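Q: Could you take a close look at one part of this protein for me? I would like to see how a single buried position sits among its neighbours.

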Amino acid sequence: MKNQHQSQDWDLIIKGHTSLFDIKFKDLWHYRDLLFLFVKRDFVSFYKQTILGPLWFFIQPIFTTIVFSLVFGKLAGISTDGLPQFLFYLSGITAWNYFADCLTKTSTVFKDNVNIFGKVYFPRLIIPLSIVVSNLVRFGVQLLLFFGVMVYFSLNGAAFEMTYAVFFFPVLILMMALLGLGAGLIITAITTKYKDLSFLITFGVQLLMYGTTVIYPLSAAPESFKKYIELNPMTGIIEAFRYAFLGKGEFTVWSIGYSAVFTLVVLFLGIIIFNKTEKNFVDTI
């Protein structure tokens, strides 16, 4: 009876995973304060030694949009569906940056946090989730920039309009976050064993961007490549984003449904693989 009474005094009992599906979602909620501490850490550590600090939130998309406008708009003459070039490219960059940041930063979770993982217990999914949340702050700031540019072009007579699809915007944000999270979890699990693959991540994400409708509308894609571009789940999300705020883009039930199903499958696989790898990754990394 004494031992039984003592065991009931513990707030948390740590046990080994019994299966791949033993994810312990209750622990994630129990450690929610730790999640926000990691969010604060990511934000502060990234900008504390920079001169311009959070102004980089604005500088990066502005300069990227200017370069895209000059290279792909002026020199290459790629169609922007009748939208102002700066507004068209900024819309794609804003959406793409959030997904890409979630993917690339999640893909190095094990390598970047091996010291923490090896010393103290907490649900390992807390750190990938904190990355998604901290990047959401950056996305929110860049979204304000996008809205400001929309107002500017609207006052100057540009022809675009918001549509009913804007009500799906929270769903689009969730899809971008979960797709980047799921893909990043898969990659970080793989690179614990095959470390040289980590060098291909940035390059691979860059190539993937050109396979998405960031620098061109889906309507301007060659028919021979269009079906392959549509297989990229981010294509449906970015097209829906543009259609929601600018009235241009191919927003269909099929395209957004495909992206949603693809996202859920990748997220499910990512969590399962991550859950399996985190049991013994300290011995291999």
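A: Happy to help; here is a walk from the whole protein down to A244, with G92 as a companion. This is a predicted model, in which local features need pLDDT of at least 70 and side-chain atom pairs count only at pLDDT 80 or more, while totals for chains, interfaces and linings use all residues. Residues are numbered from 1 along each chain as its sequence is written, and side-chain values use heavy atoms, with hydrogens and water left out.

The protein has 13 helices and 0 strands (DSSP runs numbered from the N terminus: H or I of at least four residues for helices, E of at least two for strands). Of its 285 residues, 45% are buried, meaning under 20% relative accessible area with a 1.4 Å probe, protein chains only. Among contacts (heavy atoms within 4.5 Å) between residues at least 6 apart in sequence, 79% join residues at least 24 apart.

Now to A244, which lies in helix α12, residues 233-246. A244 counts as buried because its relative accessibility is 0%. Leaving aside neighbours within four places in sequence, A244 is in contact with M162, T163, A165 and V166. Of these, T163 is 81 residues away in sequence, yet the C-alpha atoms of A244 and T163 are 5.1 Å apart.

G92 belongs to helix α5, residues 85-106, and is likewise buried, at 0% relative accessibility. Not counting residues up to four places away in sequence, G92 touches V214, I238 and R242. The C-alpha atoms of G92 and I215 are separated by 7.1 Å, with their positions 123 residues apart along the chain.

Conventions: Buried < 20%, exposed > 50% of the residue type's maximum accessible area, 1.4 Å probe, protein only.
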